[in-house]
Amino acid sequence: MNKTKRQQTSQLLMTINMLFFFTTLLVSSAIRAQDITTIQHKKPPQKYVLGFLYENGSVFQTNPFVKGDNEEKVPIKNYQAFSARIMFQTTGRKPWHRLYGYPYWGIGIHVSDFYNPEEIGIPVAIYVFLNAPFHRWNKLSLNYEIDFGITGNWKHFNPVSNRYNVAIGAGETVYIHVGAGLSYAVSNRWEAELGIGLAHFSNGALKLPNFGLNTFSPRIEIRYKVHGNPILKKQEIAPFKKFSSLEFSAFTGLKNVLFDSAQVNIATKYKGVYFPVFGFKTTFNYQISNKSKFGVGMAVSYDGSVNARIAVEKGELEAIDLPFTEQLRVSIFPSYELVMGPYSLLVQPGFYIFRKQFPHQVPISYQRVGLKYTFKNHISAGVSLRASDFHVSDFIEWSLGYQLNWNKK
């Protein structure tokens, strides 16, 4: 792999590391024995918490643009952000509230400043988040947090007007943040949290170039609790009954491919060609606890970018049709899901057992890391990042499935 490709894919390695970091945080929380509590109130039930957050940190030097290959010829090393958000305090009505220590969840607006508005803009993210405790001590709490959202208002790459910004190739990106913090209840209604975190901005290789931006920053948040502090009281959780399930799902995605040798104008060249990816998978799962689900599955997929060829017609790039079987692939995968009520964080390393051989193919194995939501009627919807070698982006996978459950005797 040449130097340019290594730089382009380093941002994906950062994304996967952050997701596995979040998994590790939750698993460590899951295996630690703690008292189980529920929330009761002297006043009307607490519903809303308002948060105001500021962070100031550094930008990882993971691509030429931030290293100084930009209009100003100055490395982009610093970063600050402001966020306002509304939180909802879980109350213990559902088992996962108690299992995860009665976390906050909510929605926020995040405004970033990379001190280069001419080439990067002032990106704005809308995100959802979960903030949950590792442990509580009276007024003190050690917490972990994950944020996930969509960011717009970028000044993204343009081969003519913004040719240096190879970090952001599209007008919209994904925003991911994981971190930890220590909060303290200053009074009955006010709380402060000091923390650190990693953030990642990219489009998951939906549009190239896509080096991405990665940051590390301390953060401080001031919270106002509309209904005051809750009172905690111990309460037991009903024993979990293990069960098995069989899930059938369909998935789809798009891949953007650039053809350097194409004899077209620069704007058409960097537009590239989009190829469809779609398929079906079946997964057998066995849920051993409220938090953990293990399984094994098989997937059949069609990838239009495999061995793709193009022609130039009237100055435009057009894909050449290939036999369907040349782009058909079959794979198997083990599966792990970290379950949080209807939500799941899934990790599925896969292995191709059938595919036609062509030069410059992705490796025989791949990795799927994603989020899934299961509705009460057994229908699920999810989004995952597909990669190979843990650092080369493949595509963003959107899925819709149906799950059959039965109890284990």
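Visitor: How many salt bridges does the count come to?
Guide: In this predicted model, the count comes to 18 salt bridges.

Visitor: What makes the contact of Glu-55 and Arg-219 a salt bridge?
Guide: The cut-off is a side-chain nitrogen of Lys or Arg within 4 Å of a carboxyl oxygen of Asp or Glu. The side chains of Glu-55 and Arg-219 meet at 3.0 Å, N to O, so the pair is called a salt bridge. Glu-55 belongs to strand β2 and Arg-219 to strand β9, 164 residues apart.

Visitor: Why is Arg-219 called buried?
Guide: Buried means under 20% relative accessible area. Arg-219 has 9%, therefore the word applies. Its partner Glu-55 is buried as well, with a relative accessible area of 0%.

Visitor: How do you know that Glu-221 and Arg-85 tie together distant parts of the sequence?
Guide: Their side chains meet in a salt bridge of 2.8 Å, N to O. Glu-221 lies in strand β9 and Arg-85 in strand β3, so the pair joins parts that are 136 residues apart in sequence. Glu-221 is buried at 2% relative accessible area, and Arg-85 is buried at 4%. Glu-55, Arg-85, Arg-219 and Glu-221 are among the residues linked in a network of salt bridges.

Visitor: Why is Leu-194 called exposed?
Guide: Exposed means over 50% relative accessible area. Leu-194 has 55%, so the term holds. Leu-194 sits in strand β8 and is one of the residues of a nonpolar surface patch with about 900 Å² of accessible area together.

How values were computed
Residues numbered from 1 in each chain as written. Predicted model: local features only at pLDDT ≥ 70, side-chain atom pairs only at ≥ 80, totals over all residues. Heavy atoms only, no water. Patch = residues over 30% accessible without salt bridge, like charges linked within 9 Å, V, L, I, M, F, W, Y side chains within 5 Å. Areas by Shrake-Rupley, 256 points an atom, 1.4 Å probe, with all protein chains shown as cover. Helix = DSSP H or I, 4+ residues; strand = E, 2+ residues; numbered from the N terminus. Buried < 20%, exposed > 50% of the residue type's maximum accessible area, 1.4 Å probe, protein only.
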